Amino acid sequence: MDIEFKLQEFVLKALKDLYEQEVDSKAIQIQKTRKDFEGDFTLVVFPLLRITKKPPEQTAEEIGNYLKDNIKQISNFNVIKGFLNLSIDKSFWISYLNNISGEENFGFVTSKKDPKTILIEYSSPNTNKPLHLGHIRNNLLGYAVANLLETQGDKVVKVNLVNDRGIHICKSMLAWQKWGENITPEGASKKGDHLVGDFYVKFDQEYKKEIQQLIDQGVAEDEAKQKAPLILEAQEMLRKWEANDPEVRELWRKMNDWVLDGFDVTYKNLGVDFDKVYFESDTYKLGKKLVLEGLEKDIFIKKEDGSVWADLSNEGLDQKILLRSDGTSVYMTQDLGTAQQRFNDFNADEAIYVVGNEQNYHFQVLKIVLDKLGFEWAEELHHLSYGMVELPEGKMKSREGTVVDADDLLAEMTNTAEEMSRELGKLEGYSEEERRRIIETIGLGALKYFILKVDPKKTMTFDPKESIDFNGNTGPFIQYTYARIQSLVRKAKDNGLEPSSKLNENLELSAKELHLIKLIYSYPEVLKEAAEAYSPAQVANYVYDMAKEFNQFYHDHPIVSEENKNLALLRLQLSGQVSKIIESGMGILGIHVPERM
RNA sequence: GGUCUCGUAGCUCAGUUGGAUAGAGCAACAGCCUUCUAAGCUGUGGGUCCCAGGUUCGAAUCCUGGCGGGAUCACCA
């Protein structure tokens with residue numbers, strides 16, 4: 001029985017019995033009591049004064065008495081100003097602990113009546129250069145949000161849309177053709193995505209030289225950019241690609257495969273995966289038909305030069321191009337088509353796009369246009385608009401070489417974890433294999449937690465120095481807490497203490513113990529709200545609170561050496577439940593927890 | 001310039017439908033390991049919640065107007 005729901009029910013009854021008033025349940029504000037006050041739940045009575053027509057203290061007093069008389073779990077109450085603080089009997093909390101002890105996935109919605117199918121697109125890389133820090137935030141968010149939504153009992157399909165065609169791809173290809181001397185990833189002993197990325201950079205360098213030459217010859221800068229031989233060649237290559245030129249297609253396939261192989265390694269190291277991968281080279285023409293149909297129905301307009309536009313001035317926006325004058329598709333066209341295809345492919349109820357907030361306008365338009373086309377699911381299309389990742393010295397600029405490479409960063413985190421554990425003398429006597437595994441778990445955990453603990457919507461600063469700090473509000477701190485509990489459970493077992501679901505309900509609880517149980521109690525609600533907000537950060541912060549609270553409890557509550565066996569059992573059970581939630585919450589974030597560290 | 005968004009401790013961040021005295025971590029300083037892992041715990045200092053109005057019993061939170069940062073407004077994606 002949900003105690004909060006029960007409290008609410010009885011407050012409604014109280015208002016009816018005491019004041020003969022029917023009230024909407026929304027007017028009943030029950031929240032957790034702040035820790036500086038005595039009590040577990042607090043009823044805010046201010047909103048009820050209009051009904052009771054009595055001063056706040058008197059109202060609170062009267063309702064408090066009513067609740068205490070009618071709900072056996074309420075052991076006491078106190079009134080401070082307009083706040084009615086209710087204390088729940090200790091036995092309720094202990095029995096709560098007993099009740100959930102056997103639950104497999106505590107906090108998850110396990111059997112939902114009508115589960116939805118939710119698509120989530122994330123990652124969406126370009127195949128012309130390796131992944132960087134920005135992609136890491138995207139990938140971690142996408143993966144974690146997918147997990148988070150699954151906890152609410154829905155079916156989640158993770159999709160990736162690989163941007164594998166376009167002028168930027170041709171730039172890398174052209175540079176390889178000109179200066180690559182047939183080098184391969186094997187020959188260069190380099191991951192394919194990095195090798196291709198090198199040629200993308202090479203193109204840019206040579207292109208700039210050409211522009212400068214033209215400018216020196218007296219050509220205006222804008223014109224120079226358009227007339228430089230290299231860019232003309234790249235554009236020609238793109239035309240050939242679209243015309244299915246065998247040679248270009250072969251080169252394209254070869255280099256794309258290099259990149260994709262490289263991405264697979266990064267994805268694997270990062271621990272993310274997909275249920276379905278779409279390639280833009282397959283989908284870029286989709287949507288044209290939709291646009292033409294829309295044109296026939298006069299939803300869109302055609303200009304004299306043949307280009308097709310959506311007029312969004314009624315929505316407070318301007319006009320948006322949907323088809324070029326030569327009839328080819330733009331980004332928006334493609335996205336209209338892929339949206340429809342996806343919804344059809346999976347018979348989806350909802351789709352979430354994990355894409356940076358620089359594309360807010362694009363998604364705003366996408367939704368409106370789909371709506372104009374009459375798709376009822378347009379409303380169910382959500383843009384998880386996350387903030388950019390910046391460095392302490394400012395934005396990452398690929399041209400200035402300040403981009404943090406994903407693979408480098410992952411390697412660096414592991415190295416730091418290794419150094420740190422050596423300094424602390426932590427993993428002595430472990431097998432090489434186990435040592436390796438723990439170090440990777442910690443390094444990766446530090447990185448993931450560092451990124452995921454920040455509200456997705458906000459621009460965040462990535463300070464490398466801070467990210468490798470393993471103390472305080474960090475992944476390793478939480479992992480450490482988990483490892484400690486596992487160690488504790490092992491030690492307890494050696495001393496004949498096993499977790500029990502039949503705890504004595506008459507025990508007294510310390511403030512810390514009570515607080516921990518209440519934190520456990522709120523886990524289901526935390527998941528629900530985090531899922532609604534698409535915010536793994538809410539789970540991260542909750543798990544941190546839990547770990548912090550546990551460490552305080554652990555510090556001054558003996559367990560194995562506690563002489564009162566009933567109390568020892570309660571503490572052991574409590575610790576075990578905390579570790580389960582840490583494992584569960586971290587698991588949602590895609591972070592593993594070690595049995596020892 | 002239009003639209004959107006952010007502004008909380010020196011730094012990085014919490015603070016969810018408006019609730020009680022605004023919280024953590026890092027950094028600084030001072031303590032705690034013959035006792036279940038010190039990657040831990042405890043304490044100290046640190047705030048005009050950008051500013052000014054408004055809404056009301058009550059505003060970091062909602063509204064309006066400023067100031068400051070960011071994004072975006074392409075026949076790029």
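These legends walk through several close-up views of a predicted model of protein chain A with RNA strand B.

In this predicted model, local features need pLDDT of at least 70 and side-chain atom pairs count only at pLDDT 80 or more, while totals for chains, interfaces and linings use all residues. Residues are numbered from 1 along each chain as its sequence is written, chains are lettered from A and ligands numbered from 1 in the order in which they are written, and side-chain values use heavy atoms, with hydrogens and water left out.

**View 1. Chain A as a whole.** Chain A has 23 helices and 14 strands; these are DSSP runs numbered from the N terminus, helices being H or I with at least four residues and strands E with at least two. Its C-alpha trace spans about 90 × 65 × 40 Å along the principal axes. Of the 597 residues of chain A, 52% count as buried. Here buried means under 20% relative accessible area, exposed over 50%, and partly exposed in between (1.4 Å probe, protein chains only). Take the contacts in chain A with a separation of 6 or more: 74% of them come from residues 24 or more positions apart, where contact means heavy atoms within 4.5 Å.

**View 2. The nonpolar cores.** A nonpolar core is a set of buried Ala, Val, Leu, Ile, Met, Phe, Trp, Tyr and Cys residues joined through side-chain atoms within 4.5 Å. The largest has 155 residues, and Leu67, Ile520 and Ile582 touch the most other members. Helix α23 (residues 565-588) gives this core its largest share, 11 residues. Apart from it lies another core of 35 residues, with Leu119, Val157, Phe343 and Phe375 among them. In soluble globular proteins, nonpolar side chains tend to be buried together. Zooming in on Leu67, its contacts beyond four places in sequence are Phe10, Val11, Ile74, Leu84 and Leu86.

**View 3. The surface around RNA strand B.** There are 65 residues around RNA strand B, and Asp305, Lys395, Lys426, Tyr480 and Gln538 come nearest; a residue is near the strand if one of its heavy atoms lies within 4 Å of it. On the RNA side, sugar and phosphate make up 60% of the atoms that come within 4 Å of the protein. The residues of this surface split into 25 nonpolar, 21 polar and 19 charged. For that tally, Ala, Val, Leu, Ile, Met, Phe, Trp, Tyr, Cys and Pro are nonpolar, Asp, Glu, Lys and Arg are charged, and the others, Gly among them, are polar.

**View 4. Side chains reaching RNA strand B.** An N or O atom in the side chain of Asn471 is 2.9 Å from a phosphate oxygen of RNA strand B. For Ser487, the side-chain N or O atom is 2.8 Å from a phosphate oxygen of the strand. Glu529 pairs with a base instead: its side-chain N or O atom is 3.3 Å from a base nitrogen. Elements giving two or more residues to the surface near the strand include β4 (83-88), α19 (475-494) and α22 (536-556).

**View 5. Ser307 in its loop.** Ser307 lies in the loop between β8 (301-302) and β9 (308-311). Ser307 is buried, with a relative accessible area of 3%. Its side chain makes a 2.9 Å polar contact with that of Trp309. A polar contact is a pair of N or O atoms within 3.5 Å; within protein, one must be able to donate a hydrogen and the other to accept it, and residues adjacent in sequence count only if both atoms are side-chain atoms. Beyond four places in sequence, Ser307 touches Ile301, Lys302, Ile321, Leu323, Arg324 and Ser325.

**View 6. Lys320 on strand β10.** Lys320 lies in strand β10 (residues 319-323) and is partly exposed, at 23% relative accessible area. Lys320 and Val308 are 12 residues apart in sequence and 8.6 Å apart in space, C-alpha to C-alpha. Val308, Trp309 and Tyr361 are among the residues that Lys320 touches.

**View 7. Helix α8 and its two ends.** The 25 residues of helix α8 (residues 192-216) should span 36 Å at 1.5 Å a residue, and the end C-alpha atoms are indeed 36 Å apart; the expected span is 1.5 Å times one less than the number of residues. Just after α8, Gly218 takes a positive phi of about 95°. In the loop between α7 (185-188) and α8 sits Ser189, which has a positive phi of about 50° although it is not a glycine. Ser189 is exposed, with a relative accessible area of 67%.
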